[in-house]
Structure formats: structure tokens, C-alpha cells
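Biologist: Please show me the structure, and then let us go through some questions about it.

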Amino acid sequence: MVHRSTAMLRRFFILILVGCAAWSAASPGALGQDTATKEVPVQGSREAGLAAWERVYSVLTHPRCINCHTATNYPQQGDDRHRHLFNVVRGPEDKGVPALNCATCHQGANADSTGVPGAPNWRLAPLSMKWQSPDDRILSSAQVCRSLTNRAKNGSGILDHHEKESLVLWAFQPGRRRDGSARSLPPLTHDELVAATRVWVEAGTPCPQNH
Amino acid sequence: MAATTSIVNESNLSRRSFLRVSATAAGGLLVSLYFDFPLAGQEGQPRAKVYPPDAFVHIKPDGKIIIQVNRLEFGQGVQTSLPMLLADEMDADWSQVVAELAPAADEYKDPLFGIQMVGGSGSIAHSFQQYRELGARTRAMLVAAAAQQWKVRPEQCRTEASVVYGPGGVSAKYSDLAEAAAHVPVPEAVTLKSSADFRLVGHKIRRLDSRPKCDGSQKFGLDLDLPGMKVAVVAHPPIFGAAPKSVDDKAARSVPGVVDVFEIPVSRKGRGIAVVADKFWTAKMARERLQIDWDFSGIERPDTSQLREKYKELAGTPGNVAVARGKENALDGIASGNRIVAEYEFPYLAHTPMEPLNTTIRFDGDRAEVWAGSQFQTVDQAAIGQVLGLTPPQITFHTEMAGGGFGRRAVPDSHVQREAAAIAKRFTGTPVKLIWSREDDVQGGYYRPMHAHRVEIGIGADGMPIAWRHVVVGQSITAGTPFEAYTTKNGVDETAVEGVGDTHYEIPNFLVTVHHPTVSVPVLWFRSVGHTHTAFVMETLIDELAIRAKMDPIAYRRKLLKPDAKKLLGTLAVMEKESAAWRSNLPVGHAAGISCHESFDTGVACAVDVSIVDDRPKIHRVTLAVDCGVAVNPLTIESQFQAGACFAVSQLMAKGAITLKDGYVEQSNFDGYTPPYIVDAPTAVDVHIVPSSEKPSGCGEPPVPVISPAVVNALSRLTGKRYRTLPLMIL
Amino acid sequence: METYKLTVNGQAKEVTVDPGTPLLWALREDLKMTGTKYGCGISACGACTVHLGGIATRSCVVPVSLVGDRPIVTIEGIGQDPVGRAVQNAWVLEDVVQCGYCQSGQIMSAVALLKRTPRPTDTNIEESMGGNICRCGTYVRIREAIKSAAQQLT
């Protein structure tokens, strides 16, 4: 847990770094699979990177994101992250099972008139991207960070993912529930998430040691 | 039963082409034959193609035989099994039989109850004789007509598959004989087949309504579409009995397609706001835009936690006496170590049939036409008449195919139909379809009442109960309705104690008393009614007693049942035999649960194989033995029991409860009130029908009571815990 | 109100509805195709299941505005498909239905299962049919009918 006062300092520091950073995008592709990714130079201090990571973590563990990054054979729903109703299951390709696919209800865009969220290619994150324990507890910052960095060698894929993946974008425009109320938003805007990710990546994707 | 026979005037006959006989006795049998092809020998009369409403059998020129079913079909299979009875006695070609759901009319009233209804698992039980006699009479008249033509004696003829065969190789099709048969005097006395001669009855006959239900062509009440029809929804008060203080309907009225918005009376003296539009989605959207300020002053606010406390308190005091047998203070002499004290709690249950409630009415000023999937046609018809200022003969009431019911479509106050009538009254000449959304349904009341039980049992040296003091607490279902007179004596509504008071267990000192609190939540019978909770209490306590006595649960029941409990003893034996192999071979982590219960004159014994998966009971297998007297259609019975076993899991579901907080129903749809899905239901159910020649009893409700106690008995053996509060939230 | 072109059971159709109108109600009330049923309106029960672009879809939560040009197949049209026919026949042979109201959705789901998994295991059946409610409880016979249809097809 980052103490608020140091977080403030780090945020200020990051803003400066972000302003100075020059970075070219790697070619788009699934996280960690693009071996032709350009090596990203390590810029900024480890502290800046860690601070940025905590900001990223705060978004990853918000219900709009973590509800689909489960360790189980089911997604979660709602701000209380209850098990998704109607007995939906992960299925072999993270898209549900025949007759009960994610796409059985979730379309390519939010359906505000019926309260069902939607985005292109609605699906669960693969188990390799689980950020919860099998008993639905959110993993610690250190654990999630390790999980991410084990997958992607230097994080440029992660940056791309955060910048462009339709389901990530969805989290920031998650639509309305049946009763008309808006779904709660992650603590950062999409731009802020991308910026924080960039800082963290440029710092060499440092992970906190204890947590 | 004395019956008078009268033949309608001949000229009337030929003009209207029907023949009618009525019996004046309380049963009210009516045989009618309808023929829609020209009657020969009419002088200058126009060929009338008339289908008066009081027909049971209609033989068409093409050979089709239309049989009117005097019950709603809502899944139980009566649309097939009642025609089977008639067609068998009639020796009709089954492949030509078409079943229709009869409209509301006197002749379609239940012979025993005198109203047109389905419920109490009474369709076969009450209409068994009726439909057989209808078929036998029809056959007799066809044979008489043939015999007349051939100038032979009826005894020289035989019938088979819609053909009469005479001596010397002559034969005639029923469709060719029907006209002549119309002029034959309807015989008073008929001979029914012996069961050995049944071709249909007793055989597994597939349902007549399957194909249309599988290809989308079956129309249910909700599917009705009539020229110029409008659709209505009602904003009901969120607390029963409230009325709007003020309504801002500007936004609602501005939705394109909305026709009108106005106030109507709803149940429990409440008032709601009706929205009428061209389509359901329009009406629903408009309703959501209503700004209603409800007046809750002086309105009761039922609250589950408060009711639980109150019921528990009441259960600790004696109520009105339902049954008192033996010594009242028999318990006093029994040491506390030989006693069981058990308190049970049951929540409100909503039926939630798959087809949401709906009724379509067109009011024409001096007449009305109604389309409804109703379990209570003549009751609803009369209620609609009250609202519209019409008498029942002025109201044509069509019985639509219904998507489930479980009792929800048999409502003494006809509240849905009254709403529909109040709305239709404002649109003379325009059919209006009232639809209750699923939310309306879940929150609209008419639930299986909440209950509390408190039982004190004194156990004898042999482990058998010798004293049993039982208090039941729960709203009376029939209080304030015309049915109260039939069910309630000495302040005890029978429907609250059935299954306890009339237990078949031998309990010498037995006291059952009842409290019926008054709560503003409307309540109703829910498939198997009192047995939903009483069987749970009885069968879990019996199991507990068996465990204490270190006896096998089947053997214990066999010992405790009265010797004259033939159906239960018989089914227990069959269940024991049929489940012996798997019960003695249970995998680790599985347990068997046993129960037996008689309801609606049908005895059922049950064994379930249960394990715990994901903290929920997983029912791998159910073995059921059934004694329902003569089994008219064993396939229907098997189906009812297999599916009934799945339905019965409803009250075990973690979200299987309707709860109220400060007057508001907390659940609104299947997300908060969840019925069993396939994963919650038993995987396999084998049903064994005990052969019997006794009169048939019902199979609609009897599958339900045995399942939840059996499952919980198995769970108790797995966890060592007792489960006395439903729904089952934590194992 | 907007006008949308829809392809339903191979036929070109047009509906003029509020864009947020669920496909279910456009089918039922604008196209008068009532085989697809309303059971809950919140995708909890599956009675409204159609095939949209080949995928079993709960039409009560899909606004017409999101359908696009994906072809729609309903219970009225599934009998044109050999898998659909086999499932319907199995349903009749095994006497599955009781009230029947949920069965349009059950059949559409079962067809979607068998098209992707011609030899479903008990687990496959339980998972794929896991979101369809039958209040009458015909699940036991649904399982049997799916297996029977699978046998007929292989």
C-alpha cells in the first residue's frame, strides 16, 4: 500500500517524466506474443515506476476490469463482484460455451435500453491473466505485477493492450444498468491509465517487493 | 345419481345440428355431439354450421374428433389424458383426436367442485368417470345409428378405431354415422370397458400438444394478437394496498404509441396506474417514465424480519385446535432427554410460471370476449362481469394454453382479470391485452405464505414418538374468499395443516394447533399447498427420530406408519426395492435421503442420492414410487414426477425466497428470486408406478412434497447438521 | 423511431421501432412472430433465444439497433436446419414438453450446442443448457432428448 504523501510526490514526478518521454508503439498484437517488439529504454526512476504501477493496479482491480480477470471458470458482475448470474462459465476459449457464450447476451456495444454492457469480442481474460485467487480474492499489488511481468518481457505489449484493447476501452465507458444508473468508473481515466502504464513500462516494469 | 333424459325438440335439432342430454344430479353430465356437415332430410332449412359452446365431442366429416377438455392445460398433460379416457371408451381412432381447451361454460365445471377449474390435482380424479361415460355414450349412439341402418341389434356390432362393424362384413365410419347418431336417444345407462379392454388408458401415450410447442406455432395467452389490439401494463403500488397521491404522466404520455394513462383499482384495495399503448415495449417504457408519488399513510408495511419474530413468538403459544388426540399433557411425563424441540421457518414463495400473467378482453358494451390462460375460468368470468356490469352468459371466455401455473392462475379474487376488465371498459370495441411483466409477477404478491412451525416430540423407549405437540403459524390462504367456508373450521384453515393434521403416522397423543396472522401480503396456494411446508417438517423430523433410534429410515417409517396407510406402505416397499442397488453403492461424499408423503390421495415414497458440490446440494438421482390408483397415462405420470422433482427444488434454492423490507418486496426478477436451473435439478429420476385398480388420484402436486425433505435428510447425513430454515442458504 | 432491415429465417423484413427496442419485441409485435418468448426480460431464462449470426442469442437484451446485418434464425425457422429438425423430433419423441413455454428457447439452445458439440457429454449439456429455465422442470427429459438427437445426427 503506497502512503498518500509519497504517492503525491511520485505523481508530480511522473507528470514531468511523462512530458519528457518519447516512445514509439510496438506493432499491435496480443499481450506478450509479439517478439518483434522494440526494446523500450528504461527511463525514469524505479520509484516513479512503482508509483505508476500502483495507479495501474488501482485500475486493474476495479470491478470494471477485474470482474473478467478471474481465476475461476466464471466471471463476476457488479461493483460487489458477485459471481455472474445465470450459470455462465468460462468455456475452453474464455468465451463461454455453445448456447451460453458471452456473445449470447453481450453485443459489440453497450445496450443501455436493456442494461447489458457490450464491447467487441466480449470475453473473459485468459487464466494466465488472472488477478484473483481461486476463492475470488483480489491478488496483491506484488502478485498482480509479477503475473503481468511474467507474461510480457518488457511491457510494451501491456501498454498496447491498455491503449487499444476494446474491452479495456469499454471499462471507461461501461454504459448504464437497467434502472438507468451509470456503472461506476475506474479511478483513472483511460488516458491516465495509458500514461501511468507508459511510465511503469519505461521504468522497466518494476514490481513492489512486499505486499 | 338420478338423471333425467330429454331430447331437444327435433326441429331445433336439425337447425342447430346438435343433440343434448343433461343430467340434473349434482355432477351435471352433459353429452353433446356436433356435426358440421349438412343434415339430410331438412326441408328448406339453411345448413347451419354451429358450434355451441357446450360440446364435448365433435365428429367432423373428415374423421377428426374434437374433444373439449374442461380444464386448463398448463403442463400437467390433462389435454391428452382426459381425451384418452373419452376416446378409449368411444373406440375412437386416436390419430384423429384433436383436443381443445373448452371455454368457460356451466357444462365444463368440475363435477365435484361446481366451478370450472384446475387445481387440487383433481382433473383425472374428478373427471375420470365423467369422460369415460361421455365416450361410452357417444359410442353407444353411434352403434345404435349403425344398427338401425343395418336393421341389426346393437349387440351384433363392435367398434374399433372410429369404425362400427356389423354382422356380415358391413362397416361404417363414425364420421358417416354421426348425423344419424344425432337423432338417437342418448342412453342413460352405459357400460364402461373393463380395464383389460383399454387400448389407450394405462398405456404410455405421447402428448397431443408437443409438436406445436416445439416449432413455435403454439399460441399462449401472451401471444394473442387481434386486429386493433392495444397492450396495457399497470404500475402497481410498491407496498400492497397503497394508492397514488399524485401522478405526473406527461413524460409517459409523450412516448409515441401511448394511448392513455389512468388510475384503476388493484388488489388489497390499492390503486395503480394503467398505461395503454400500441405495443408492450412502448407501454413498459412509458410506465418507467411515470412519476408517481404514492400515499403510504396508514398502510401496513410487512417486513420479513419482523414477521419472523412475530411468527416465532406465536409458534410458542397454542393456537386454534386442528387435531387433538389422546392426552393433552402427554409430553409432561417425558424427560427432556427424550424430547425433540424443533422450530422451522419457511419464507414466502412466488410461483413465477414461465409465461407472465396476462389477460385479453374486448368490451362491447352489452357483451365481452375474454382470452385468458385461467385455472379458474368461471370464477374469473364472474369477476369480469362484476367489473363490466355483465352476467356470465354475456361474456365469452376463451381458455388459452398457459405457460405454467402451479396455482398462480387460480386466484379467488381474480385480481389480474379485474385489472384487465377495468382497462378494457374504457376502450369499448378495442381488445386490450394486459401483461404483467416478470417484475410485476415477482413483486405482485399471491405467494405461498410464510410459515413457522414449532414441534415438541416426546419419544418412547422404543424410539417411536408417543407425544407430539405441533403449532403451525401462517396466513390463511382462503380467509376472506368464498373458499373459506370449505377449508376453515374452528379458526383452522385446513390448507395450512394438511400433511401434519392428517398424518398417516401412528402418533397416539397428538395435538396440532394453528395461528393465522393477518398480513397485508396477498397469499395463494402454491403447488401442493400446505404440503410444501408440512411434509418438510414431518419427513425431516421422522428422519431425525430414526437416527436417534438407530434405525434405518425406511424401516422406521414402515414401523411408524399406520397399518391402513396402504399407499405409503406400498410405495415405501417399491422405493426400497428399486433404490436398493444404488443406495448400497454410494460413492464417498454421497448420502441417501428418504421421505414418504401422501397428498391429494396419492402416496409417494422417495430416495435421493445427494452430494455437496460448490457448497450446494447436488442431486444425482431420485427414485420415486407412486400410488395414484389407476394410472391413466403412465407417460404423463412419469413426466409429472420427473419434472415435479425438479420443480420441488425451488424452495431449497439459495435465492428461493420472497422477502419484504419495510413493506417493499426485495426481489424483482429471476436474478434475486431464482428457480432451479438444470444444474440445480436432479440429474436422473426414475419413477415406479404401483399397479392399482383403485380410483385414480392426482399427480400434479404429489411429486413436490417429498423432494425437499429427502434432499435435506441426505444433507444431514453428510454434514451432521439439521436444516430447519428455508431457503437453504448455507449447508 | 428508426427503420431497420432484418433477415429473419432467410427472409428480408423491415421494422420501424424505437432503436432501444429489444429484438424480442420487434419479432413478437412488429413481425408477429410469437414463437420466441418473453420470460424475464433480463436474459436470465433463455426463453427468448434466437440464433443471431449463428450464435445463440438472448433477444430480450439485444436492441434492434445492435443487430446489424447478422442473419436471425428463430424457432419458426430452425426446422429448416437438419440439426433443428432432429432436436424437434427428439423433443416430440421423448415427450419433453409440459407447458412448453420455455421450449422454444430450450430447443434453440440445444441446437446451438449440437452444432458445435455433436457428441455432448453430460457436462457439456449441463453447461450449455445451464442458463435456460424450465419452471415445470423438464430438465431430465431435456437431457435425454439432447442425447437422443445427438445419436440421430451421428
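The questions below concern chain B of this predicted model.

Biologist: How is chain B divided, and how far apart do the C-alpha centres of domain 2 and domain 3 of chain B lie?
Modeller: The assignment gives domain 1 (10–210), domain 2 (221–298 + 357–435) and domain 3 (316–349 + 447–719). Between domain 2 and domain 3 of chain B, 12 residues of the one are in contact with 12 residues of the other. The side of domain 2 of chain B that touches domain 3 of chain B has 6 nonpolar, 3 polar and 3 charged residues. The C-alpha centres of these two domains of chain B are separated by 37 Å.

Biologist: Which strands are at the edges of the open sheet with the order E14-E24-E21-E20-E15 in chain B?
Modeller: This open sheet of chain B has 5 strands and mixed pairing. Neighbouring strands in the sheet are turned against each other by 10 degrees on average, direction ignored. An edge strand pairs on one side only, and in chain B that applies to E14 (320–325) and E15 (339–346).

Biologist: At what angle to E20(B) do helices H8 and H14 of chain B run?
Modeller: Helix H8 (residues 304–315) of chain B lies across E15, E20, E21 and E24 (509–515) of chain B. Helix H14 (residues 531–548) of chain B lies across E15, E20 and E21 of chain B. For H8 of chain B the angle to E20(B) is about 30 degrees, and for H14 of chain B the angle to E20(B) is about 30 degrees.

Biologist: What is the bridge partner of B:Ile459 in E21(B)?
Modeller: B:Ile459 is found in strand E20 of chain B. Strand E20 (residues 451–459) of chain B is joined by 9 bridges to strand E21 (residues 465–474) of chain B, and the two run antiparallel. In E21(B), B:Ile459 is matched with B:Pro465.

Biologist: Is B:Ile459 buried or exposed?
Modeller: Beyond four places in sequence, B:Ile459 is in contact with B:Asn338, B:Arg339, B:Pro465, B:Leu545 and B:Arg548. A residue counts as buried if 20 or more other C-beta atoms lie within 10 Å of its own. B:Ile459 has 20 such atoms within 10 Å, so B:Ile459 is buried.

Biologist: Why is strand E17 of chain B described as largely enclosed by the rest of the structure?
Modeller: Strand E16 (residues 358–363) of chain B is joined to E17(B) by 4 bridges, in the antiparallel sense. E17(B) also pairs with strand E18 (residues 395–399) of chain B in the parallel sense, over 5 bridges. E17 (residues 368–372) of chain B is largely enclosed because, of its 5 residues, the number buried is 4.

Biologist: Which residue in the turn between E16(B) and E17(B) has a positive phi?
Modeller: E16(B) and E17(B) form a hairpin, with 4 residues between them. Within this pair, B:Ile361 has B:Val370 as its bridge partner in E17(B). The positive phi in the turn is about 90 degrees and belongs to B:Gly365.

Biologist: Which helix gives the most to the side of chain B that touches chain C?
Modeller: In this pair of chains, 50 residues of chain B are in contact with 44 residues of chain C. H5 (210–214), H7 (280–288), H17 (634–647) and strand E30 (684–689) of chain B each supply at least two residues of that side. By class, the side has 25 nonpolar, 12 polar and 13 charged residues. With 7 residues, the element that gives the most is H17(B).

How values were computed: Residues numbered from 1 in each chain as written. Chains lettered and ligands numbered in written order. Predicted model: local features only at pLDDT ≥ 70, side-chain atom pairs only at ≥ 80, totals over all residues. Pairing = 2+ DSSP bridges. Axes fitted to C-alpha atoms, helices over the stretch in contact; angles between N-to-C directions. Contact = placed C-beta atoms within 7 Å. Buried ≥ 20, exposed ≤ 12 C-beta atoms within 10 Å, placed from the backbone. Domains from an automatic or database assignment. Nonpolar A, V, L, I, M, F, W, Y, C, P; charged D, E, K, R; others polar.
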